[in-house]
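Thanks for coming, everyone. Please take a moment with the chain on the screen, and then I will walk you through how its parts fit together.

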Amino acid sequence: MLLSLCSPALAGDLIGQTSTIDGDTLEIHGTRIRLWGIDAPESSQLCRDEDSTLYRCGAKAANDLDAFIARRPVNCMPISLDQYGRTVATCSAGSTDLGEWLVRSGLALDWRHFSKGRYEAAQRDAERTGRGIWSGSYVEPWLYRACIRANGSPTSCSDDANAHP
């Protein structure tokens, strides 16, 4: 559920140094920000690389995002609030849209339900070139979360029959 733009919590852009919470969540000045239109693997989620070796793809997404930002100021334009009270926003470091960078790097997926395909070309590029999660197999983050909510373990939820490809 997304809340309206007229909420006082969405009064203006958020600009500053970030803390990377996970592959699609940042914090600026104590405000949690969920990157709009993408979904990155969860911190505990595992993927398989090109050799079928399991690796912590959620942790990799967070670490790579943190390294990319490299303590530069981040500018976030709020769009809404999510069901957990986080600000949902598009964010950039310099002139780079962080959502697009994550998807193009193969560290997150275009979440069409919300993005309406804004990051579709970036995802096709990552898939075509085998970057990030596209180099091996993965479970969509939304399916992983549903499995965990149903009392699955990180390992079993990361490596099921629904994995790509």
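What covers the buried residues of helix α4 includes helix α2 and strand β11, residues 109-110. I should say at once that this is a predicted model, in which local features need pLDDT of at least 70, side-chain atom pairs count only at pLDDT 80 or more, and totals for chains, interfaces and linings use all residues. Residues are numbered from 1 along each chain as its sequence is written, and side-chain values use heavy atoms, with hydrogens and water left out.

When I speak of helices and strands, I mean DSSP runs numbered from the N terminus, with H or I over at least four residues for a helix and E over at least two for a strand. Buried means under 20% relative accessible area, exposed means over 50%, and partly exposed is in between, with a 1.4 Å probe and protein chains only.

Let me stay with α4, which spans residues 120-129 and in which Ala-122, Gln-123, Asp-125 and Ala-126 are buried. Seen down the axis of α4, its buried residues fall within an arc of 160 degrees, so they line one face of the helix; the arc is that of the directions from the helix axis to the C-beta atoms. As general background, an α-helix has 3.6 residues a turn, so residues three or four places apart point the same way.

Glu-120 also lies in α4, and this residue is partly exposed, with a relative accessible area of 33%. Leaving aside neighbours within four places in sequence, Glu-120 is in contact with Asp-110 and Arg-112, where contact means heavy atoms within 4.5 Å. Glu-120 and Asp-110 are 10 residues apart in sequence, and their C-alpha atoms are 6.0 Å apart in space. Just after the helix, Gly-130 takes a positive phi of about 70 degrees.

How many salt bridges does the structure hold? There are 14, a salt bridge being a side-chain nitrogen of Lys or Arg within 4 Å of a carboxyl oxygen of Asp or Glu. One of them starts from α4's Asp-125, which pairs with Arg-131, the closest N and O atoms being 2.4 Å apart. Here Asp-125 is buried, at 17% relative accessible area, whereas Arg-131 is partly exposed, at 28%.

In helix α2, residues 98-104, the partners Arg-104 and Glu-100 are four residues apart and so are separated by about one helical turn. Their closest N and O atoms are 2.8 Å apart in the salt bridge, and both ends are partly exposed, Arg-104 at 30% and Glu-100 at 31%.

Asp-24 forms a salt bridge with Arg-34, with the closest N and O atoms 3.5 Å apart. Asp-24 lies in the loop between β2 and β3 and Arg-34 in strand β4, so the pair ties together parts that are 10 residues apart in sequence. Both Asp-24 and Arg-34 are buried, and they belong to a network of salt bridges that also links Asp-39, Glu-42 and Arg-145.

Now to the nonpolar cores, each a set of buried Ala, Val, Leu, Ile, Met, Phe, Trp, Tyr and Cys residues joined through side-chain atoms within 4.5 Å. Which residues have the most contacts inside the largest core? They are Val-74, Cys-76, Cys-91 and Leu-98, in a core of 24 residues. The elements giving two or more residues to this core are β3, β4, α1, β8, β9 and α2, and β9 gives the most, with four residues. Apart from this core lies another, of seven residues, among them Cys-57, Leu-109, Ile-133 and Tyr-138.

One more residue deserves a look, namely Ser-158, whose place is in helix α6, residues 154-158. Ser-158 counts as buried, at 3% relative accessibility, and a polar atom of its side chain lies 2.6 Å from the backbone oxygen of Pro-154. Beyond its neighbours within four places in sequence, Ser-158 is in contact with Gln-45, Leu-46, Val-139 and Tyr-144.

To finish with the whole chain, its secondary structure comes to six helices and 11 strands, and buried residues make up 45% of the 165 residues. Among contacts between residues at least 6 apart in sequence, 57% join residues at least 24 apart.

Notes. A polar contact is a pair of N or O atoms within 3.5 Å; within protein, one must be able to donate a hydrogen and the other to accept it, and residues adjacent in sequence count only if both atoms are side-chain atoms.
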